[in-house]
Amino acid sequence: MNIRHYFTALAVCLATAFTAHAQEKEAEDSTGLPGDNFSLQGALDLFKQSPSPEAFEKSLNSPDNKVNNLDLNDDGNTDYIRVVNKKENDVQVFILQALVSSTESQDVAVIELEKTGESNAIVQIIGDPDIYGESVITEPTEETDNAFNYSPATHGPSAYAPEGIVVNVWLWPCVRYVYAPAYTVWVSPWTWVSRPVWYHPWRPLPWRVYHPYRYAYAPHYVVVPVRRIPPARVIYRPVRTTSVTVINRNRVVVNNYRTTRRVERVTPARNSNNNGNGGRNSYGNGGRQYTPSRPGAADRGNNSYTPSRADRGTRVSGGRTNNGGRNNGARTGGNSRSNGGQNSGGRRAGRGN
């Protein structure tokens with residue numbers, strides 16, 4: 001009897017420990033932001049499979065796909081996501097916009113697409129910073145026969161590409177559809193008052209139930225630090241839509257996320273003998289590599305970053321050293337400064353008589 005009680009107690013302890021571990025893991029995976037309930041990878045996957053933007057919008061609002069789990073207005077039902085297309089030359093954007101009320105909408109993400117050649121196109125999806133805390137940029141991962149080297153200077157195949165390998169999405173049905181000569185940009189006709197007859201809202205799933213579906217889309221997509229289509233930002237910026245209700249409701253959690261966001265910035269040491277260019281690496285940025293440290297920093301479309309004062313170098317005895325150790329003509333008077341900061345030799349002594 002005692003042995004039976006022992007094994008029963010052991011089983012209860014193990015079950016409790018397993019549940020606690022699962023809850024801790026769940027808390028780690030969840031940021032508490034609204035973006036937890038919308039899969040960027042899933043949206044891009046639906047875009048890949050859809051034959052047209054209209055079909056893409058229908059897929060986004062289907063409960064079977066488990067991509068949209070948003071309830072931004074907190075009414076107990078998922079929000080309808082409409083798709084608005086904008087186009088300039090070979091660059092197109094597809095805005096995914098949640099209907100919050102009869103007077104407000106909130107952008108959730110934007111798909112940026114560019115035709116870079118006769119049979120080449122690149123795509124990214126960017127999560128809105130009001131939903132994800134920062135601009136989250138996602139694109140397809142490399143697969144067989146669908147990738148090419150990318151150069152921002154040529155927007156096409158190149159021998160050397162600092163940004164790496166990107167996926168050619170020209171064969172996606174929706175991509176070829178929107179670049180057909182007869183295509184007219186899609187602007188969803190549906191509003192808060194007028195919804196399609198096929199749409200039936202559903203209650204959002206709890207995070208512990210939804211998050212396995214959300215991450216099921218992740219293996220074929222990757223989060224990247226740079227936007228590859230700068231003109232798309234110019235097209236999108238004037239039409240970006242935000243909701244005061246959504247911003248106010250999530251202000252605390254978004255601000256906390258932005259404040260506590262961990263920044264990992266790597267600054268490799270310079271070596272004067274490295275590559276024969278004074279320690280500069282092949283990227284031509286003085287050996288510095290940065291991870292964007294503020295929400296929206298990745299929106300700039302490049303790896304540029306304005307270093308803080310601490311990045312500019314430190315003063316050392318014998319002269320001033322700026323920009324990671326380059327000596328800008330160190331001022332030396334022959335003797336160290338003394339007697340209240342006065343140099344016994346002075347600058348004139350250093351110049352000679």
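This is a short walk through one sheet, the two helices lying across it, and a serine in the loop between those helices.

Okay, housekeeping. What we have is a predicted model, so local features need pLDDT of at least 70 and side-chain atom pairs count only at pLDDT 80 or more, while totals for chains, interfaces and linings use all residues. Residues are numbered from 1 along each chain as its sequence is written, and side-chain values use heavy atoms, with hydrogens and water left out.

Let's start with the sheet. It's open, with 6 strands in the order β1-β2-β3-β4-β5-β8 and antiparallel pairing; strands here are DSSP E runs of at least two residues, helices H or I runs of at least four, numbered from the N terminus, and pairing takes at least two DSSP bridges. At the edges sit β1 (81–88) and β8 (221–224), each pairing on one side only. On average, neighbouring strands are turned by 25 degrees against each other, direction ignored. Axes are lines fitted to C-alpha atoms, for helices over the stretch in contact, and angles run from 0 to 180 degrees between N-to-C directions.

Inside the sheet, β3 (105–117) and β4 (120–127) share 8 antiparallel bridges, and Gly-117 faces Asn-120 of β4.

Now the helices. α2 lies across β2, β3, β4, β5 and β8, at about 40 degrees to β5. α3 crosses β1, β2 and β3, at about 150 degrees to β1.

So what about Ser-52, in the loop between α2 (40–49) and α3 (53–60): buried or exposed? Buried, at 12% relative accessible area; the cut-offs are under 20% for buried, over 50% for exposed, partly exposed in between, with a 1.4 Å probe and protein chains only. Beyond neighbours within four places in sequence, Ser-52 contacts Cys-174 and Tyr-177, contact being heavy atoms within 4.5 Å.
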